[in-house]
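Student: I should like to work through this model by way of questions, with the reasoning set out in each answer. Where shall we begin?

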Amino acid sequence: MSTVLAATDGLFPAPVLEYKELAPVLIVLGAATLGVLIEAFLPRTLRFRAQLVVTFGGLGLALAALFLAGEQNSILAEGAIAWDGPARFLQGLILVLAVVAFLLFTDRKIDPGRDAFAPRVSAVPGSPEEQVLTQKLIQQTEVYPLALFSLSGMLLFPASNDLLMMFVALEVLSLPLYLLAGMARRRRLLSQEAALKYFLLGAYSSAFFLFGAALIYGYANSLRFSVIAAATASGTSSEALLLAGIGLIAVGLLFKIGAAPFHEWTPDVYQGAPTVVTAFMAATTKVAAFGALVRIFYVAFGPVRDQWLPLMWVISALTMVVGVLFALTQQEIKRMLAYSSIAHAGFLLTGVVALSPKGVSAILFYLVTYGFATIGAFGVVMLVRDGAGEASHLSAWAGLGKRSPGVAALFSLFLLAMAGIPLTSGFPAKFAVFSAASASGASWLVLIGVLTSAVAGFFYVRVIVLMFFTDPQPGQTTTVAIPSLATALALAVCAGVTVVLGVFPQIGLEVADRASLFVR
Amino acid sequence: MKNLPWLLIAGLVPLAGTVLIAVLPRKFEFRARWIALASSLVTLGVVIAMATQFSVGGTQKFQFVTSYKWIPAFGVNFTLGVDGVGLVLVCLAACLVPFVLLASWRDVQPGGSVKSYFGLMLVLQTVVIWVFSALDVFLFYLLFEAMLIPAYLLIGRFGGAQRSYAATKFLLYSLFGGLVMLAALIGLYVASQTLLGSGTFDFQTLSSLQINSGLQNLLFLGFFLAFAIKAPLWPLHTWLPDAAAEATPGTAVLLVALMDKVGTFGMIRYCLQLFPDASRTFAFTISILAIISIIYGALVAIGQTDIMRLISYTSVSHFGFIILGIFAFTNQSQTGSVFYMVAHGFSTAALFLVAGMMIARGKSRNIADYSGVFKVAPLLAGFVLIAGLSGLALPGLASFPGEFLVLVGSYLRYPALAIIATVAIVLSAVYILWLYQRVATGSPRGVVVGTFGEIRRREVLALSSIVALMIGLGVYPQVLTRVIEPTVKTTITRVGAVELAPTQIKDQVDKQVSKK
């Protein structure tokens with residue numbers, strides 16, 4: 001036996017894995033697998049509690065492992081994964097955002113059918129089977145392992161150090177999300193349509209990414225970022241391969257962050273998916289995808305910045321303009337928030353254009369503020385309901401401030417943060433990305449950013465005006481649901497972060513500053 | 001005593017009042033008025049105590065400086081301190097608010113929240129006091145924007161029928177100006193990064209930077225646009241009549257008499273001292289706009305049928321004078337401008353408040369609905385006249401020294417423009433006296449019958465205090481000019497404009513006369 005092993009050792013050496021640093025990802029994967037086993041073997045009555053234990057226990061352990069793993073920068077898993085400031089920061093951020101978002105998943109008080117998910121996704125919408133399931137108050141709990149699988153992909157995505165690992169992470173994070181998007185209890189056809197659209201367009205963008213990776217491999221003879229960077233710096237191979245590769249990879253990643261002109265899926269999916277899922281993916285996917293985008297463009301394509309910077313400038317400007325202009329015309333609260341998230345992708349891209357450690361720390365800080373404000377905003381959207389579920393049309397929000405001043409004030413806080421009003425977290429975030437971009441000579445981009453912010457201010461304020469200063473239409477039946485303790489806690493955390501980082505941004509900026517250097 | 005953080009305390013007192021009001025049980029809601037009044041009086045006391053410690057012509061440019069680290073990552077500190085100009089404006093903010101509160105005692109309609117109305121007014125006072133004393137440009141910007149939120153809520157929640165429209169228009173105008181200023185602020189930060197190595201927002205450091213003139217022009221325009229919207233300067237003034245007319249009289253006073261001063265204050269403090277070359281470049285263009293404001297505001301005021309809108313347009317005209325004085329770069333004109341800022345604060349406050357009292361009785365803003373107020377309520381009519389006369393800069397009242405100094409000072413720099421501006425003095429007599437004639441004289445008609453009554457003691461107290469201050473400043477303007485002048489001198493030195501003394505002009509005139 002031992003001789004056989006020794007012989008194979010030479011041919012196929014076992015990879016060295018740094019379990020300490022990889023522990024957060026592995027724990028989340030383990031928890032997800034455990035969740036699948038719970039679905040298979042536990043009786044229905046016990047599943048919900050078991051899933052909660054596994055999910056939150058897993059997240060807690062993963063966070064603890066992340067803190068205990070140490071801050072020694074290195075390359076892990078035979079070069080496939082980077083362990084550096086941005087990776088640690090974003091993994092921590094994604095985990096914390098996931099905890100907050102999962103608190104919303106657990107809410108069983110808001111909807112009369114208890115939770116926000118269809119009792120059986122395979123049941124035909126409107127069929128007798130579905131009605132029976134709804135009457136029996138059947139709840140499904142598969143969402144927890146699905147979300148955990150997606151989460152593990154998100155943790156790997158910004159830490160990937162080669163193109164193949166990045167592609168695997170992209171798929172692991174995307175596939176469960178496609179499913180989750182189709183699981184809404186209410187408006188199921190809309191939800192299923194959203195899932196299908198998301199899947200088809202997502203599959204296309206993955207294909208673009210993979211094709212780009214293949215071209216880059218042809219150019220650099222490697223998938224490793226550091227080797228690609230060295231190859232681009234020496235510039236000995238065909239430039240056409242490189243440029244086509246960069247372009248195709250950019251398409252794949254820009255799709256995930258929802259940048260124009262690859263943003264078309266965002267409003268449909270944000271609107272159709274169950275609002276809790278929208279909250280989860282709007283925050284965490286953007287964080288993970290921006291981490292990946294920044295890493296690949298800074299580390300792998302940094303030496304040829306002159307080739308792709310003009311493209312990024314244009315896309316950043318276009319994304320800001322498209323986001324705010326379309327948001328202006330929306331009558332649906334979730335679609336408006338979707339276009340606002342597109343605009344935010346544009347603002348964040350100005351930080352990418354900065355191409356400096358300041359730019360990276362600015363993006364990291366921005367992602368923190370954006371993530372919490374987004375989950376908070378969608379969390380409030382969950383609460384405001386009429387007879388058919390969530391009251392998503394804007395007109396239903398009229399006069400909300402008079403009946404439920406607390407909820408309306410909370411929503412206003414998140415909107416003001418997104419608008420970047422001083423003393424909310426959005427302001428220092430915007431200031432950080434814009435000053436980083438301006439310092440790198442992209443002043444006109446900053447000017448566009450500032451002007452689009454003014455337009456964005458209009459549609460955020462419009463909702464506040466609607467809530468506080470407009471009388472409700474006669475016959476309007478909008479009510480505000482009493483949330484569960486978990487939902488209330490999640491909203492409180494989001495509001496707290498938004499205010500504290502608005503008044504004392506130094507806390508976050510310092511951590512982001514320390515985490516702004518990539519290992520190469 | 002001088003080492004006390006005076007300015008911090010002056011801002012914290014109203015804030016503490018707000019907190020007290022916020023925790024007040026709904027049952028005792030009416031007490032919010034007393035808490036607000038008490039805290040504004042304490043603020044006034046603190047500011048007066050501080051002002052007595054101010055050493056005029058001291059070696060330090062800024063006094064009562066306190067500084068705390070805030071966001072080291074951006075080089076931002078919470079730094080407060082005042083020069084002469086800042087001091088008089090802080091005093092204005094401290095003096096006006098108690099009287100405004102007193103006059104607004106019953107402004108909240110049944111069903112409205114007395115707590116939020118008075119709480120928001122106090123928040124606004126805090127922000128305004130700090131905005132006049134911020135010595136960190138980032139802090140200034142932050143407060144400049146933060147000012148919008150209480151003001152927006154005050155207009156939007158407590159105003160007239162069109163309040164929502166007016167509040168939104170106000171907010172969007174200001175937000176737009178503020179965000180353009182943000183772009184300039186970022187540009188300034190980056191410029192300081194390249195010139196100093198590390199970025200800073202410290203005003204005193206920034207005001208000694210030598211930024212190249214192309215960049216200066218752009219940054220100047222960014223700041224100026226925000227200030228011109230706030231001030232407001234023609235053609236960016238259209239939000240003001242809507243906002244002031246729809247707001248409650250108390251809010252209108254805070255808006256026009258206090259907040260808008262931040263615009264002209266910003267021009268002196270930031271535009272001139274941070275971008276001196278650009279200030280000289282644009283001075284003439286801005287002066288032309290100021291002249292248009294002066295004449296246009298006065299003409300449109302004459303044509304108004306709504307009392308509150310009329311007063312708003314007179315303010316547009318007066319702000320034109322202030323801006324003309326600032327950009328004429330002479331000692332007299334700028335001292336006059338700053339003095340006029342204070343005087344206009346009091347006279348506009350008096351006008352808005354007295355008009356508000358009349359409207360509260362007549363339930364109409366339409367001038368044509370009033371007639372013969374003097375017969376029914378002689379005291380009220382008397383205050384309308386005194387407030388109006390101060391508005392038209394009658395000698396002996398506060399506005400006169402301001403307007404006079406501005407005209408004399410501007411004549412040295414731009415004689416033609418100063419002569420055009422004097423036309424507005426005649427126009428101001430038309431709009432004020434004609435308003436008085438239509439409203440107060442004749443026999444009582446329209447809404448001035450039935451329950452229309454005389455003003456109460458509380459209202460008399462508020463108005464007569466303001467009138468006393470107006471007369472005091474009109475008779476003895478030195479109390480302010482003495483404090484303002486040294487600061488103006490250093491500002492003009494920084495701008496690098498050639499000082500024009502009246503004697504030089506006299507020499508030129510003499511020469512020309514002797515030639516003939």
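**An enclosed helix and its surroundings**

Tutor: In this predicted model, helix α16(B) is largely enclosed by the rest of the structure, because 10 of its 14 residues are buried.

Student: Which elements of chain B do the buried residues of α16(B) pack against?

Tutor: The buried residues include L380(B), F383(B), V384(B), I386(B) and L389(B), and the list runs on to S390(B) and G391(B). Their packing partners are the helices α13 (307-327), α14 (331-362), α15 (373-376), α17, α18 (415-440) and α19 (457-475) of chain B.

Student: What separates the end C-alpha atoms of α16(B), and what span should its residues give?

Tutor: At 1.5 Å a residue, the 14 residues of α16(B) should span 20 Å. The end C-alpha atoms agree with that expectation, being 20 Å apart.

Student: Which residue just after α16(B) takes a positive phi, and is that residue buried or exposed?

Tutor: Most residues other than glycine have a negative phi. Just after α16(B), A393(B) takes a positive value of about 60 degrees, and its place is in the loop between α16 (378-391) and α17 (399-413) of chain B. The threshold for burial is 20 or more other C-beta atoms within 10 Å. A393(B) has 27 such atoms and is therefore buried.

**Other backbone features of chain B**

Student: In which strand does F64(B) lie, and is F64(B) buried or exposed?

Tutor: Phi of F64(B) is near 55 degrees, a positive value in a residue other than glycine. The residue lies in strand β1 (residues 63-71) of chain B. Because F64(B) has 24 C-beta neighbours inside 10 Å, it counts as buried.

Student: Where in chain B are P232(B) and P235(B) found?

Tutor: Each proline follows a cis peptide bond: one joins A231(B) and P232(B), with omega about -15 degrees, and another joins W234(B) and P235(B), with omega about 5 degrees. P232(B) is found in the loop between α9 (213-230) and α10 (239-246) of chain B. P235(B) likewise has its place in the loop between α9 and α10 of chain B.

**The two chains as wholes**

Student: How many helices and strands has chain B, and what is its radius of gyration?

Tutor: Chain B has 21 helices and 2 strands. The globule rule gives 24 Å for 516 residues, and chain B is close to that value, so it is as compact as a globular protein of that length; its radius of gyration is 22 Å.

Student: What share of the residues in chain B is buried, and what share of its contacts with a separation of 6 or more joins residues 24 or more positions apart?

Tutor: The C-alpha trace of chain B spans about 70 × 70 × 40 Å along its principal axes. Within chain B, buried residues make up 62% of the 516 residues. Of the contacts with a separation of 6 or more, the share from residues 24 or more positions apart is 81%.

Student: What are the corresponding radius of gyration and buried share for chain A?

Tutor: Chain A contains 21 helices and 5 strands, and its C-alpha trace spans about 75 × 65 × 40 Å along the principal axes. A compact globule of 520 residues would have a radius of gyration near 24 Å, and chain A agrees with this at 23 Å. The buried share of chain A is 58%.

**The sheet of chain A**

Student: Which strands stand at the edges of the sheet β4-β3-β5 in chain A?

Tutor: The sheet is open, has 3 strands and pairs in antiparallel fashion. A strand with a single partner has one side left without a neighbour in the sheet, so the edge strands are β4 (389-390) and β5 (479-480) of chain A.

Student: Which helix packs on that sheet?

Tutor: The helix touches β3, β4 and β5 of chain A, and its direction makes about 30 degrees with that of β3(A). It is mostly covered, with 26 of its 27 residues buried. The helix is α15 (residues 357-383) of chain A.

**Where the chains meet**

Student: Which helix supplies the largest share of the side of chain A that touches chain B?

Tutor: In the interface, 26 residues of chain A are in contact with 23 residues of chain B. Helices α18 (426-439), α19 (443-469) and α21 (506-514) of chain A each supply at least two residues of that side of chain A. The largest share, 12 residues, comes from α19(A).

Conventions: Residues are numbered from 1 along each chain as its sequence is written. Chains are lettered from A and ligands numbered from 1 in the order in which they are written. This is a predicted model: local features need pLDDT of at least 70, side-chain atom pairs count only at pLDDT 80 or more; totals for chains, interfaces and linings use all residues. Helices (H or I, at least four residues) and strands (E, at least two) are DSSP runs, numbered from the N terminus. The radius of gyration is taken over C-alpha atoms; the globule rule is 2.2 Å times the number of residues to the power 0.38. A residue is buried if 20 or more other C-beta atoms lie within 10 Å of its own, exposed if 12 or fewer, and partly exposed in between; C-beta atoms are placed from the backbone. Two residues are in contact if their C-beta atoms, placed from the backbone, lie within 7 Å. Two strands pair if DSSP finds at least two bridges between them. Axes are lines fitted to C-alpha atoms, for helices over the stretch in contact, and angles run from 0 to 180 degrees between N-to-C directions. The expected span of a helix is 1.5 Å times one less than its number of residues.
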